[in-house]
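Student: Before we discuss this model, could you show it to me, and then explain how each label is earned?

Tutor: Here it is, and we can then set the values against the definitions.

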Amino acid sequence: MKNKYSDILKKLKLKITPKRIEILSILDRENYFKSPEEIWQLMKKRFKKIGLPTVYRNLEDLAEGGVIFRIIHPDRQLYYYFCNNKDHHHHFVCISCKRVSDVDYCPEKEVINYVSKRIKGKIISHIFQINGICNVCMNIESSLGGTK
Ligand SMILES: [Zn+2]
Ligand SMILES: [Zn+2]
Ligand SMILES: [Zn+2]
């Protein structure tokens, strides 16, 4: 089985399995994050007997391996997103329509000074995700509100 997903897994030295490739191709179809349950429903078309725990485990393995992103949502559920952008970047997440946009901006540089001076520590890694409402959803909201 040779395709772009097996190449991605191989590069990160992760085991290549048909289920992992299916998960990546499901997540890669759209720029929207998905819940494990949604992915599970789509997986069942190909893997009839697959259980939700298997999907959870594979998603976590892929997230640990750096292939997919965990999306931290205000509803406290965990979602996942596949992004093929290999440069260091962050994500803007629309909590209304679930669309994810790449953010080519990293606040680390601005925080380094603060951490070294105020906390007297050093940064090893950071998590930065912006939750918001995308422009499409904002337009829908304002048209529904009727006050333009
Ligand atoms: Zn939106
Ligand atoms: Zn991205
Ligand atoms: Zn960053």
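Tutor: A residue is buried if 20 or more other C-beta atoms lie within 10 Å of its own, exposed if 12 or fewer, and partly exposed in between. On that scale, 20% of the 148 residues of the protein chain count as buried, and please keep in mind that this is a predicted model.

Student: Why is Ala63 called partly exposed?

Tutor: Ala63, which lies in helix H4 (residues 52-64), has 15 other C-beta atoms within 10 Å. Because buried requires 20 or more and exposed requires 12 or fewer, a count of 15 makes Ala63 partly exposed.

Student: Which residues is Ala63 in contact with, leaving aside its neighbours within four places in sequence?

Tutor: With those neighbours set aside, Ala63 is in contact with Ile68, Arg70 and Tyr80, where contact means that the C-beta atoms lie within 7 Å. For Tyr80, the C-alpha to C-alpha separation from Ala63 is 8.2 Å, across 17 residues of sequence; the 7 Å cut-off applies to C-beta atoms, so the value of 8.2 Å between C-alpha atoms does not contradict the contact.

Student: What makes strands S1 and S2 a pair?

Tutor: Pairing needs at least two bridges, and five bridges join strand S1 (residues 68-72) to S2, running antiparallel, so the criterion is met. As one example, Ile71 has Tyr79 in S2 as its bridge partner. The hairpin of S1 and S2 has five residues between the strands, and Arg76 there takes a positive phi near 70°.

Student: How do you know that strand S2 is mostly covered?

Tutor: Strand S2 (residues 78-82) has five residues, and four of them are buried, that is, each of those four has 20 or more other C-beta atoms within 10 Å.

Student: Which strands does S3 pair with, and in which direction does each pair run?

Tutor: Strand S3 (residues 90-94) is joined by four bridges to strand S4 (residues 100-103), and these two run antiparallel; S3 is also joined by four bridges to strand S5 (residues 129-132), and there the strands run parallel. Since two bridges are enough for a pair, both S4 and S5 qualify as partners of S3. Val93 has Val100 as its bridge partner in S4, while Cys94 has Gly132 as its partner in S5. Between S3 and S4 there are five residues, and Lys98 in that turn has a positive phi of about 75°.

Student: Which residues touch the most other members of the largest nonpolar core?

Tutor: In this core of 24 residues, they are Ile23, Leu27, Phe33, Ile68, Ile71, Tyr80 and Tyr81. At least two core residues are supplied by each of helix H1 (4-11), helix H2 (18-28), helix H3 (36-43), H4, S1, S2 and S3. Domain 1 (1-84) and domain 2 (85-148) each contribute at least three residues to this core. Apart from neighbours within four places in sequence, Tyr81 is in contact with Leu27, Phe33, Ile68, Phe69, Ile71 and Val100.

Student: How do helices H3 and H4 meet?

Tutor: Their axes come within 9 Å and cross at roughly 115°, and H3 passes H4 in a right-handed crossing. On the side of H3 the residues are Pro36, Ile39, Trp40 and Met43, and they meet Leu52, Val55, Tyr56 and Leu59 in H4.

Methods: Residues numbered from 1 in each chain as written. Chains lettered and ligands numbered in written order. Predicted model: local features only at pLDDT ≥ 70, side-chain atom pairs only at ≥ 80, totals over all residues. Contact = placed C-beta atoms within 7 Å. Core = buried A, V, L, I, M, F, W, Y, C linked by C-beta atoms within 7 Å. Domains from an automatic or database assignment. Axes fitted to C-alpha atoms, helices over the stretch in contact; angles between N-to-C directions. Left-handed = near helix turned anticlockwise from the far one by under 90°.
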